[in-house]
Amino acid sequence: MLTQTTTRVLEPSDLGAALAILESEPVANAFVTSRVQVAGLDPWRLGGEMWGWYADGRLRSLCYSGANLVPICAGPEAVRAFADRARRAGRRCSSIVGPAEPTTQLWRLLEPSWGPAREVRANQPLMVTESPAADVTPDPLVRRIRKDEVEVLMPACVAMFTEEVGISPLAGDGGLLYQARVAELISTGRSFARIDDGKVVFKAEIGAVTPQACQIQGVWVAPEHRGKGLSETGMAAVLRYALADVAPVVSLYVNDYNTPARKAYHRVGFREVGAFMSVLF
């Protein structure tokens with residue numbers, strides 16, 4: 001029996017069906033879910049389109065198309081449909097990111113027309129925890145950043161982004177959008193750091209937040225302080241805040257080659273439950 005399939009841009013009236021798919025995998029979908037719960041499906045508010053793949057009249061898979069291209073709960077048929085639509089539209093994103101299997105398939109289909117990529121990170125372990133390790137003492141000097149400390153935090157944020165992504169967030173618009181995002185995280189109480197003598201020693205943010213899960217991002221230790229265990233005690237402090245104030249499950253994903261970070265996250269209570277993949281342009 002043939003299955004009737006179609007793909008279209010979702011509209012605000014599709015919000016309930018889209019959230020049902022997003023919330024079926026709360027950890028893996030936390031980034032997109034957090035945006036949709038705040039902005040809905042209006043492309044202007046969402047910062048991109050949400051594509052839906054239907055089989056026999058039922059919404060089965062999603063793909064967020066904005067600054068990132070993100071396949072969501074997408075099997076092989078849906079991935080092919082999303083790749084066709086992305087190819088026709090042309091590349092407008094700065095990265096493709098998502099669960100490793102569908103993202104690998106999506107990139108395989110898009111690479112002939114969109115490649116080469118600047119970098120492909122094929123295996124980024126996805127890690128979660130519901131409770132901190134009992135034997136790592138949270139750093140008492142790690143705290144929420146105040147709104148008047150944006151200028152103190154920004155150099156560390158720029159250094160982290162440049163080190164992680166390979167380009168400066170100040171390129172293009174001079175960093176206006178990036179600084180606005182940093183300020184937003186501070187204003188919502190989701191930016192944490194240890195500041196010694198006016199300089200950031202450790203920092204991290206809670207980037208995506210839903211009632212089911214949140215995602216830590218931007219973990220950074222000043223180069224001159226690395227190797228002292230600050231990533232473990234600092235993460236333990238952020239984890240304590242996250243579990244107490246934000247969500248019952250905390251997640252993050254990390255590059256597979258970053259062995260020290262993976263060990264530190266295991267040490268504070270995270271376990272690996274899957275993998276993400278990122279394609280950077």
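The following paragraphs lead through selected salt bridges and one helix of this structure, which is a predicted model.

A search of the whole structure finds 17 salt bridges. Several charged residues are joined into a network of such contacts, made up of Arg143, Arg146, Asp148 and Glu149. Within this network, the side chain of arginine 146 meets that of aspartate 148, with N and O 3.0 Å apart. The side chain of arginine 146 also meets that of glutamate 149, here with an N to O distance of 3.3 Å. The surroundings of these residues can be described by their accessibility. Arginine 146 has a relative accessibility of 45% and therefore counts as partly exposed. Aspartate 148, at 59%, is exposed, whereas glutamate 149, with a relative accessible area of 7%, is buried. The cut-offs behind these words are under 20% for buried and over 50% for exposed.

Another salt bridge joins glutamate 232 to arginine 267, the closest N and O atoms lying 3.7 Å apart. Glutamate 232 belongs to helix H8 (residues 230–245) and arginine 267 to helix H9 (residues 259–267), so this pair ties together parts that are 35 residues apart in sequence. Glutamate 232 is partly exposed, at 23% relative accessibility. Arginine 267 is likewise partly exposed, its relative accessible area being 36%.

Attention now turns to helix H7, which comprises the 12 residues 176–187. At 1.5 Å a residue, a helix of this length should span 16 Å; the end C-alpha atoms of H7 are 16 Å apart, which agrees with that expectation.

Which residues of H7 are buried? They are Tyr178, Val182, Leu185 and Ile186. These residues cover an arc of only 105 degrees around the axis, so they lie on the same side of H7. The general geometry of the α-helix helps in reading this pattern. An α-helix has 3.6 residues a turn, so residues three or four places apart point the same way.

What covers the buried residues of H7 includes helix H6 (150–165) together with three strands: E8 (191–196), E9 (199–209) and E10 (214–221). On the face turned away from the buried side, H7 carries the exposed residues Leu176 and Leu177. After the helix comes glycine 189, whose phi is positive, near 75 degrees.

Technical notes:
Residues numbered from 1 in each chain as written. Predicted model: local features only at pLDDT ≥ 70, side-chain atom pairs only at ≥ 80, totals over all residues. Heavy atoms only, no water. Salt bridge = Lys/Arg side-chain N within 4 Å of Asp/Glu carboxyl O. Buried < 20%, exposed > 50% of the residue type's maximum accessible area, 1.4 Å probe, protein only. Helix = DSSP H or I, 4+ residues; strand = E, 2+ residues; numbered from the N terminus. Expected span 1.5 Å × (residues − 1). Arc of directions from axis to C-beta. Contact = heavy atoms within 4.5 Å.
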